[in-house]
Amino acid sequence: MLVYVDGQRRQCKIDGKIKVSDLIVRLGFTRETVIAKVNGKVVTEYDYAEPSDRVDLIRVSTGG
Amino acid sequence: MKCSECNNEAVIYLSYSQKFLCSKHLSRLVEKRVGASIREYGMIEGRKRIGVAVSGGKDSLTMLYLLHKLLGKDRRLKLIAITVDEGIKGYRDVSIRNARRLAKSLGIEHHIYKFTDYAIPMDRLMKHKKTDPCSYCGVFRRWILNKAAGELKLDALAIGHNLDDIIQTFLMNMMRNEPLRIARFTPNGGIIESEAFVSRIRPLFSIPEREVMAYALCNNIDFHNGECPYAAYALRNPVREFLNNMEEKYPGVKFRVLNSYLSVLKNMKVPENLTTRTCITCGGPSSTEQCKRCILLDKLKKQMGH
């Protein structure tokens, strides 16, 4: 699975299908702080990602 | 997951209302709420020239897009975008491109005001002063926005503060024991009516930050999502983290804090003798003899050997 946070590649070893909310926690974020995209489509934290998917997490609070 | 309103795929789960929403229904909800806020607080009543402060980030560009969508057909109104360039290389120069692109695509006049012309660029300032950059930046930015608003003869200036920004500021002002700042930070206008000070309006004040982001992504708004290199110094960060953790554990807490803030605002007794004076240095509005921008600028110039 290819995982990116704000466009930066993150190493994350995942075997099999994973719930997006679990992936968010595994990468050290909380539901409130990111929006997830799977293969370019915005999804909810209740959706799943497959090993062949590209997952993008976009941090909600950046700026200054 | 399916949308709670239709059969489309959901893009967001709103835990406070236990609803899944697709792109169309999220957009509809956000637009409805922003429209209602504008009407309820009379944000454009009797106003013709509305400035829109755009940094190029998700909040300000979403606000510009929404205001154009909701008000763009009203021929009595003119939207004018304003960007302040604080002089932060690799951050603001990038986001300005996003602001410029959206304003151009919507056919909205866009003006850029620079710290170089009215203050000290943040990169230069940070070489000398390593603490509390947000205070300096905020004072200079507000002063420049007010100057721009005067020059462009604006009746109001729209600021892209979302629900999270509002409640963070509310809590920060309580932590600092600065109740007058709570009174000043309102959805429409402040506590002092003055020609020298252009009213701020906050059309996104009832939209949680996460929904602003989802709206921007669903509507293909091309925003800059970089982080200000100096933001780590801010008190806002731990307050934001606290509120996010609370919302995660107790969904709806952010809306409840917002409602508390609105109740406090309604019931606040503001001293009647508050007036605006004119700064002896720049001639701008000030609560003291010299405005905060000029005080800071004088101090910095001395420290930096100008």
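Colleague: Into which domains is chain B divided?
Modeller: The model is a predicted one. An automatic or database assignment sets the domain bounds. For chain B the parts are domain 1 (26–274) and domain 2 (276–306).

Colleague: What distance separates the centres of domain 1 of chain B and domain 2 of chain B?
Modeller: The centres are taken over C-alpha atoms. For domain 1 and domain 2 of chain B, the separation is 24 Å.

Colleague: How many residues does the contact take from domain 1 of chain B, and how many from domain 2 of chain B?
Modeller: Residues count as in contact here if their C-beta atoms lie within 7 Å. On that basis domain 2 of chain B gives eleven residues, and domain 1 of chain B gives 14 residues.

Colleague: Which element gives the largest share of the side of domain 1 of chain B that touches domain 2 of chain B?
Modeller: α5 (122–128) and α6 of chain B each supply at least two residues of that side. By class, the side has ten nonpolar, three polar and one charged residues. The largest share is six residues, and its source is α6(B).

Colleague: Which helix gives the most to the largest nonpolar core?
Modeller: That core has 88 residues, and V52(B), L64(B) and A158(B) have the most contacts inside it. Eight of the core's residues come from one helix of chain B, spanning residues 133–151: α6.

Colleague: From which domains of chain B does this core draw at least three residues each?
Modeller: A158(B), in the core, touches residues that include V52(B), M63(B) and P203(B), leaving aside those up to four places away in sequence. The domains that each give the core at least three residues are domain 1 (26–274) and domain 2 (276–306).

Definitions and conventions. Residues are numbered from 1 along each chain as its sequence is written. Chains are lettered from A and ligands numbered from 1 in the order in which they are written. This is a predicted model: local features need pLDDT of at least 70, side-chain atom pairs count only at pLDDT 80 or more; totals for chains, interfaces and linings use all residues. A nonpolar core is a set of buried Ala, Val, Leu, Ile, Met, Phe, Trp, Tyr and Cys residues joined through C-beta atoms within 7 Å. A residue is buried if 20 or more other C-beta atoms lie within 10 Å of its own, exposed if 12 or fewer, and partly exposed in between; C-beta atoms are placed from the backbone. Helices (H or I, at least four residues) and strands (E, at least two) are DSSP runs, numbered from the N terminus. Two residues are in contact if their C-beta atoms, placed from the backbone, lie within 7 Å. Ala, Val, Leu, Ile, Met, Phe, Trp, Tyr, Cys and Pro count as nonpolar, Asp, Glu, Lys and Arg as charged, and the others, Gly among them, as polar.
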